[in-house]
Amino acid sequence: MSKPTDAQTPAVPSKSVPSKSVPSRGIDWRRVLEFPNPVNEYAARITAALVVALSAVTLLTGFGWGLAIIAAGFWLRVLFGPRISPLAQLSVKVLTPWLGRTRLVPGPPKRFAQGIGAAMSTAAALLLAAGLAPVAWVLLAVLIAAASLEAFAGFCLGCTIFGFLQRRGLIPADVCEACNNISLRGA
């Protein structure tokens, strides 16, 4: 007699196993989409300086694909943190270690700021594609101004907006505990 297949084997009730002890299968999307917290402010500022340089070259040359490249970089940083973005990798792995400085700041406001950059650069790329070049270039100039504030003055406009929205209750307090508790902030 042949051995029964799984379909022929009678179902035996299994014992309930807690989900924590069962190895997970598939992709852990929380890990894939995680953003570092805290973030080295100097790495963020260097990345912003690289964005300023790329954006200025795009604006001065009128190279439309530059907008798509800038937008893609922002989306990579928003979705995956610095792990996949070429500009972030250059700043985190090469330039910031060479600088040798560290100042840790909360990650959620930086991710929010990257999201604003992603929205602005995507809008500029879409406007350019729709034939509205002057509006696209103005939007890119605004992006350059905001990234310049971060890069050269250490003022993160997106982080300021994040704080404003959090104080108004539009961003839940638990999104960034360090933003709410001054004692958790690094010096």
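Residues are classed as buried when the relative accessible area is under 20%, as exposed when it is over 50%, and as partly exposed in between, with a 1.4 Å probe and protein chains only. The structure is a predicted model, in which local features need pLDDT of at least 70 and side-chain atom pairs count only at pLDDT 80 or more, whereas totals for chains, interfaces and linings use all residues. Residues are numbered from 1 along each chain as its sequence is written, and side-chain values use heavy atoms, with hydrogens and water left out.

The secondary structure of the protein chain comprises eight helices and two strands. Helices (H or I, at least four residues) and strands (E, at least two) are DSSP runs numbered from the N terminus. From that terminus on, the order of elements is α-β-α-α-α-β-α-α-α-α. Of the 187 residues in the protein chain, 32% are buried.

Helix packing was described by axes, which are lines fitted to C-alpha atoms, for helices over the stretch in contact, with angles running from 0 to 180 degrees between N-to-C directions. Helix α2 (residues 41-61) packs against helix α3 (residues 64-80) at an angle of about 160°, and the two axes are 9 Å apart. This angle makes α2 roughly antiparallel to α3. The classes of orientation are roughly parallel for angles under 35 degrees, roughly antiparallel for those over 145, roughly perpendicular for 65 to 115, and oblique for the rest. The crossing of α2 and α3 is left-handed. A crossing is given this label if the near helix is turned anticlockwise from the far one by less than a right angle, and is right-handed if clockwise.

Helix α2 also packs with helix α6 (residues 133-153); their axes come within 8 Å and cross at roughly 150°. The helices α2 and α6 are thus roughly antiparallel, and α2 and α6 form a left-handed crossing. Helix α6 has a further partner in α5, the axes of α5 and α6 coming within 7 Å and crossing at roughly 160°. An antiparallel arrangement, in the rough sense, therefore holds for α5 and α6, and α5 passes α6 in a left-handed crossing.

Two salt bridges were found in a search of the whole structure. A salt bridge is defined as a side-chain nitrogen of Lys or Arg within 4 Å of a carboxyl oxygen of Asp or Glu. One salt bridge joins E41 to R103, with the closest N and O atoms 2.2 Å apart. Because E41 belongs to helix α2 and R103 to the loop between α4 (86-99) and β2 (104-105), the pair ties together parts that are 62 residues apart in sequence. E41 is buried, at a relative accessible area of 10%, while R103 is partly exposed at 32%.

The side chains of K110 and E150 form a salt bridge with an N to O distance of 2.9 Å. This pair links distant parts of the chain, since K110 lies in helix α5 (residues 107-129) and E150 in helix α6, 40 residues apart. K110 counts as buried, with a relative accessibility of 9%, and E150 is likewise buried, with a value of 7%.

On the surface, L149, F155, L157 and I161 make a nonpolar patch of about 300 Å². Patches consist of residues with over 30% relative accessible area and no salt bridge, like charges being joined within 9 Å and nonpolar side chains (Val, Leu, Ile, Met, Phe, Trp, Tyr) within 5 Å. The accessible areas come from the Shrake-Rupley method with a 1.4 Å probe, and for residues only the protein chains shown count as cover. Within the patch, L149 is located in helix α6 and is partly exposed at 35% relative accessibility. I161 is located in helix α7 (residues 157-167) and is also partly exposed, with a relative accessible area of 33%. The C-alpha atoms of L149 and A48 are separated by 8.8 Å, although these residues are 101 residues apart along the chain.

Two further C-alpha pairs were examined. R31, in helix α1 (residues 29-32), is exposed at 56% relative accessibility. The C-alpha atoms of R31 and F80 are 9.0 Å apart, with their positions 49 residues apart along the chain. I84 lies in the loop between α3 and α4 and is partly exposed at 44% relative accessibility. I84 and G73 are 11 residues apart in sequence, and their C-alpha atoms are 8.8 Å apart in space.
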